Amino acid sequence: MSISLLDRAKAPLTGLLVALAAAGAVQAQDNPYNLLDADTVSVGSLGDAKPYAFTTAAGEFTGFDVEFLRNVLGRLGFEEDQILFTGQEFAALLPSVSNGRFDIAAAAIGITEQREEVVDFSDGYLAGYLSVLSGEEAITDDPASLAGKRLGVVQGTLQEMYAKKTFTDTDIVQFPDNNTGVAALNNGTIDAHFLDYEAAKTYGERYDLDIKVNIPSFDAPAGFAVKPGNDALRNALNEALHAAMEDGTWRDLYEKWFPGSPMPKQYLPSGS
C-alpha cells in the first residue's frame, strides 16, 4: 500500500509536535517553579520596613519576612546565595511581580481582593494591627480625634486603603516609605503617621512618639505575592510555609523579631 501525500505531510508535523512536547517537558523539569532564572529566586522587598524587611548597615536584607522566606525556599532546595533580594518602593512591588521583574514579593503584604486582581498570593503567614503614631496630645485613642489632621500613609499599603475609606474627615498624605513619613511627622509636616504596629513600636521608641490607636487587621494577613497563574510556585510555597509553621520554625522567628507580641494560634504547631 502506498503512503498518501497527506500522510507524508503529516509525518514531519507529528515529529515536530513530539519534539516540542519533549522540550517543554524538559524545561518544566529544569524549572519546576517557573522562575525567571531556574537557579535563582528573585525577590522584591523593602529596605526600611523593620522588623519585617530591611537592610543592615552592610546592605544585607534581613527581618522576619526575609528570614521566613529564606527558610521556606530552603525547603524547596534553594541555598541562601540563590535567593536575590532587591529593595523597591512598596507601591511598585506587586506590579513588578505581575510584569515579571520578580518571582516573589515579600514585605508583610496584606492579602486583599484588590491586590488579588494584580497578583496571586500564598496562604497567609502573618497578621497584626494597624497603628496611628503621633506626638500630639490632641490625638487620642479615639479615631475621631484625627478629624481635621494630616495623616501620613505609605502609598499602596493597607493603611492607605483603610484611611481613605474610614478617616473621611482627615487629610491623607502619601509617602513612598515609612522613614519619609516619620521624618515628616518629626518635622511637623504631618500630625500623625499610620503604619503597622511593630514598625510603629520601633519608631515610637526611637523618636519618643506614642501609639495612639490600634486597629486589628486579622482579616488581611500577609502573604507572599507571585505572578498570576504560577500555581507551581504558589503551591510549593504553601506546602513549605505550613511545614515551617508545624515544626515550630515560624514560632521561633516570630519570638526573635516580635518579642512579647501575642502569637496568632493558626500559625503555631498543632496542639500548641
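1. Helices and strands here are DSSP runs, a helix having at least four residues and a strand at least two, numbered from the N terminus. Counted that way, the protein chain has eight helices and 13 strands. Please keep in mind as you look around that this is a predicted model.

2. How far can you trust what you see? The average pLDDT of the protein chain is 90, and 90% of the residues score at least 70. Residues 18–26 are a stretch to treat with care: the pLDDT there is below 50, and in the model this stretch has zero contacts beyond near neighbours in sequence.

3. Now for the chain as a whole. Of its 272 residues, 47% are buried. Among the contacts with a separation of 6 or more, 68% join residues that are 24 or more positions apart. The accessible surface comes to about 13,500 Å², and carbon and sulfur atoms hold 51% of that surface.

4. Helix 3 is a nice place to begin a closer look. This helix covers residues 90–98, and its buried residues are Phe90, Leu93, Leu94, Ser96 and Val97. Why do these residues line one face of the helix? Looking down the axis of helix 3, you would find the buried residues within an arc of 160°, so they line one face.

5. What does that buried set pack against? The partners are strand 1 (41–45), strand 6 (104–105), strand 7 (120–121), strand 9 (150–154) and strand 13 (225–226). Just after helix 3 comes glycine 100, with a positive phi of about 90°.

6. Follow strand 9 onward to threonine 157, which sits in the loop between strand 9 and helix 4 (158–166). Is threonine 157 buried or exposed? Its relative accessibility is 9%, and buried means under 20%, so threonine 157 counts as buried. A polar atom of its side chain lies 2.7 Å from the backbone oxygen of valine 154. Not counting residues up to four places away in sequence, threonine 157 touches Phe90 and Arg115. You have met Phe90 already, as one of the buried residues of helix 3.

7. Helix 4 itself holds glutamate 160. You might like to check its surroundings: glutamate 160 has a relative accessible area of 8%, and is therefore buried. Its side chain reaches the backbone nitrogen of glycine 156 at 2.6 Å. Leaving out residues up to four places away in sequence, glutamate 160 touches Val153, Val154, Gln155 and Gln174.

8. For a contrast, try glutamate 137, in the loop between strand 8 (129–134) and strand 9. This residue has 76% relative accessibility and exposed means over 50%, so glutamate 137 counts as exposed. Which distance separates its C-alpha atom from that of lysine 212? The answer is 9.5 Å, although the two residues are 75 residues apart along the chain.

9. Finally, visit tyrosine 197 in helix 6 (residues 197–207). Tyrosine 197 has a relative accessibility of 25% and so counts as partly exposed. Its C-alpha atom is separated by 5.1 Å from that of serine 131, with the two residues 66 residues apart along the chain. Setting aside neighbours within four places in sequence, tyrosine 197 is in contact with Tyr129, Ser131, Ile211, Asn214 and Ser261.

Key:
Residues are numbered from 1 along each chain as its sequence is written. This is a predicted model: local features need pLDDT of at least 70, side-chain atom pairs count only at pLDDT 80 or more; totals for chains, interfaces and linings use all residues. Side-chain values use heavy atoms; hydrogens and water are left out. Buried means under 20% relative accessible area, exposed over 50%, partly exposed in between (1.4 Å probe, protein chains only). The arc is that of the directions from the helix axis to the C-beta atoms. Contact means heavy atoms within 4.5 Å. A polar contact is a pair of N or O atoms within 3.5 Å; within protein, one must be able to donate a hydrogen and the other to accept it, and residues adjacent in sequence count only if both atoms are side-chain atoms. Accessible areas come from the Shrake-Rupley method with a 1.4 Å probe; for residues, only the protein chains shown count as cover. pLDDT is the predictor's confidence in each residue, from 0 to 100.
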